[in-house]
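Please find below a colleague's note on the model, set out as numbered points. It concerns aromatic contacts, charged groups over rings, and backbone angles.

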Amino acid sequence: MYQKYRSTRIMRLGVFLAFLIILTSAVSQQRVGSAAYDDRLEGLLSHSVPEATVPEARAMDSAVFLDARSLEEFSVSHVPGAYWVGYDDFSLERVSSIPKDRPVVVYCSVGYRSEKVSEALLEAGFTRVSNLYGGIFEWVNQGGPLVDRDGPTDRIHAFNKSWGRWLKRGEKVY
């Protein structure tokens, strides 16, 4: 009787440990602060280019940040030192002064437009391009600084109300 009880306990413990491993693995793979936002990004992006999380991007020495949003969005705020390159009218001429072997982090609101611009940069011979996973929204959510033409700001263009719900910090501008 004791042997049957013991093997049942061991089996339950094994199932519990397997559950913990699966749960821990799922949590560790989440690359933004919100599981729901991460799920939305996983379905939106094709993951066709290297991706950098906010902490990874912030840790890159001498990285050039490129903003793939509209000029209106960029004017509201952007990552300090970022260059505007746009999306609808993106041109390689806008990045002609950047060495092709320099680290480049491309971002937009959430990562879709910047993924497409990153693809174009890689096709043009840039070798160290990363798409900022979660975009400027996740940058702000994780406390990353923003600037406008006058200096530091808390304002952030939220694209639209549907996408703006993923922005948890800052003053939303539409």
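The points below take the aromatic pairs, then the arginines, then the backbone.

1. Status of the model. The structure under review is a predicted model, and the remarks that follow should be read as a description of that prediction.

2. Aromatic pairs. How many aromatic pairs does the structure hold? There are two. The pair formed by Y37 and W166 is stacked, with 5.3 Å centre to centre and 15 degrees between the planes. This pair links distant parts of the chain, since Y37 belongs to helix α2 and W166 to the loop between α7 (161-164) and β9 (171-173), 129 residues apart.

3. Accessibility of the stacked pair. Y37 has a relative accessible area of 1% and is therefore buried. W166 is buried as well, at 10%. Both values fall under the 20% cut-off for burial.

4. The second pair. F65 and W139 have ring centres 5.6 Å apart and planes at 65 degrees, so this pair is edge-to-face; the angle lies over the 60 degrees that this class requires. Here too the pair links distant parts of the chain: F65 lies in strand β2 and W139 in helix α6 (residues 135-141), 74 residues apart.

5. Accessibility of the edge-to-face pair. Are F65 and W139 buried or exposed? F65 counts as buried because its relative accessibility is 11%. W139 counts as buried at 4%.

6. Arginine over W139. W139 also has a charged neighbour: R58 lies over the face of W139, at 5.3 Å from the ring centre. The ring of W139 thus takes part in the edge-to-face pair with F65 and has R58 over its face.

7. Arginine over Y133. Which ring lies beneath the charged end of R31? The ring is that of Y133, and the charged end of R31 sits 3.8 Å from its centre.

8. Positive phi at H47. H47 is a residue other than glycine, yet its phi is positive, near 60 degrees. Its place is the loop between α2 (35-44) and β1 (51-52). With a relative accessibility of 31%, H47 counts as partly exposed.

9. Positive phi at S62. S62 is likewise not a glycine and has a positive phi of about 60 degrees. S62 is found in the loop between α3 (54-59) and β2 (64-67), and β2 is the strand that contributes F65 to the edge-to-face pair. The relative accessible area of S62 is 48%, so S62 is partly exposed; the limit for an exposed residue is over 50%.

Technical notes
Residues are numbered from 1 along each chain as its sequence is written. This is a predicted model: local features need pLDDT of at least 70, side-chain atom pairs count only at pLDDT 80 or more; totals for chains, interfaces and linings use all residues. Side-chain values use heavy atoms; hydrogens and water are left out. Helices (H or I, at least four residues) and strands (E, at least two) are DSSP runs, numbered from the N terminus. Buried means under 20% relative accessible area, exposed over 50%, partly exposed in between (1.4 Å probe, protein chains only). Rings of Phe, Tyr and Trp (its six-membered ring) pair if their centres lie within 6.5 Å; planes under 30 degrees apart count as stacked, over 60 as edge-to-face and the rest as tilted. A charge sits over a ring if NZ of Lys or CZ of Arg is within 6 Å of the ring centre and within 35 degrees of the ring normal.
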